[in-house]
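This briefing sets out the metal site, the ligand site and a few further points of the structure shown below.

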Amino acid sequence: MPDCIFCKIVKGDIPAAKVYEGSKFIAFLDISPANKGHVLIIPKEHYERLEEMPNPDGKEFGELQVKIAKAVMKATNAEGFNLLLNNGKAAGQEVMHAHMHIQPRFGTDDFHYKWTHKKYEEGEMKQFQEKIRKFI
Ligand code: 5GP
Ligand code: ZN
């Protein structure tokens with residue numbers, strides 16, 4: 001993808017502070033971090049969305065998140081971390097090359113990551129449960 005900024009980082013056409021490089025994925029510091037040490041993990045192949053990633057790669061992706069999150073925690077002395085994947089424009093994805101955020105968190109930080117909690121009507125929860133189960 002010629003105009004994709006993350007493909008350019010993979011190719012080395014633009015610089016990035018890489019913390020990991022394997023055959024399928026790289027990880028580097030987010031240029032505008034939620035907290036210092038915020039890392040992005042991306043596939044080297046251009047997949048726009050998570051569900052386009054082939055199954056074996058998805059497994060490696062999951063394992064890598066834990067490995068890198070542990071390293072981020074140790075390096076930053078964070079008390080926790082958020083894994084965040086904005087999948088699709090409606091979900092806030094701005095760079096259209098799939099990427100997982102690892103955001104180190106501190107009890108004292110100013111980063112408020114919460115949504116407004118909705119309520120199910122009577123019987124609605126069961127409907128959603130059944131609909132989702134059907135597609136699994
Ligand atoms: P999204 O909103 O798509 O989930 O997040 C995209 C992230 O990519 C943002 O947090 C943004 O700071 C980061 N980002 C955008 N352009 C660059 C870049 O050129 N280099 C690096 N290291 N991070 C970038
Ligand atoms: Zn790309």
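The model is predicted. Cys4 is buried, as is His97, and both residues belong to the donor set of the zinc ion (ligand 2). A second site holds ligand 1, which is surrounded by 16 residues.

**Zinc site**

- The zinc ion (ligand 2) takes its protein donors from Cys4 (SG), Cys7 (SG), His46 (ND1) and His97 (ND1), at distances of 2.1 to 2.3 Å.
- The arrangement is tetrahedral because the four donor atoms subtend angles of 106 to 117 degrees around the zinc ion (ligand 2), and the criterion asks that all angles lie between 85 and 135 degrees.
- Along the chain, the donors of this ion are spaced as C-x2-C-x38-H-x50-H.
- Distant parts of the chain are thereby linked: Cys4 lies in the segment before helix H1 (5-11), whereas His97 lies 93 residues away, in the loop between strand E4 (80-84) and strand E5 (100-105).

**Burial and state of the cysteines**

- Cys4 has a relative accessibility of 10% and therefore counts as buried, the limit being under 20%.
- Cys7 is likewise buried, because its relative accessible area is 10%.
- The count of disulfides in the model is zero.

**Ligand 1 site**

- Of the 16 residues that surround ligand 1, the closest are Asp30, Asn86, Glu94, His99 and His101.
- Asp30 contributes a polar side-chain atom that lies 2.4 Å from an oxygen atom of ligand 1.
- Backbone atoms also take part: a polar backbone atom of Val95 is 2.9 Å from an oxygen atom of the ligand, and a backbone N or O atom of Gly92 lies 3.2 Å from an oxygen atom of ligand 1.
- On its own, ligand 1 has 530 Å² of accessible area, of which the protein covers 83%.

**An exposed loop residue**

- Lys114 is located in the loop between E5 and helix H3 (124-134).
- With a relative accessibility of 69%, Lys114 counts as exposed, since the class begins over 50%.
- Lys114 and Pro2 are 112 residues apart along the chain, and their C-alpha atoms are separated by 35 Å.

How values were computed. Residues numbered from 1 in each chain as written. Chains lettered and ligands numbered in written order. Predicted model: local features only at pLDDT ≥ 70, side-chain atom pairs only at ≥ 80, totals over all residues. Heavy atoms only, no water. Donors = N, O, S within 2.8 Å, 3.2 Å for Na, K, Ca; no water. Tetrahedral: all angles 85-135°; square planar, octahedral: opposite > 155°, others 65-115°. Helix = DSSP H or I, 4+ residues; strand = E, 2+ residues; numbered from the N terminus. Buried < 20%, exposed > 50% of the residue type's maximum accessible area, 1.4 Å probe, protein only. Disulfide = S-S within 2.5 Å. Near = heavy atom within 4 Å. Polar contact = N/O pair within 3.5 Å; in protein donor to acceptor, adjacent residues only side chain to side chain. Areas by Shrake-Rupley, 256 points an atom, 1.4 Å probe, with all protein chains shown as cover.
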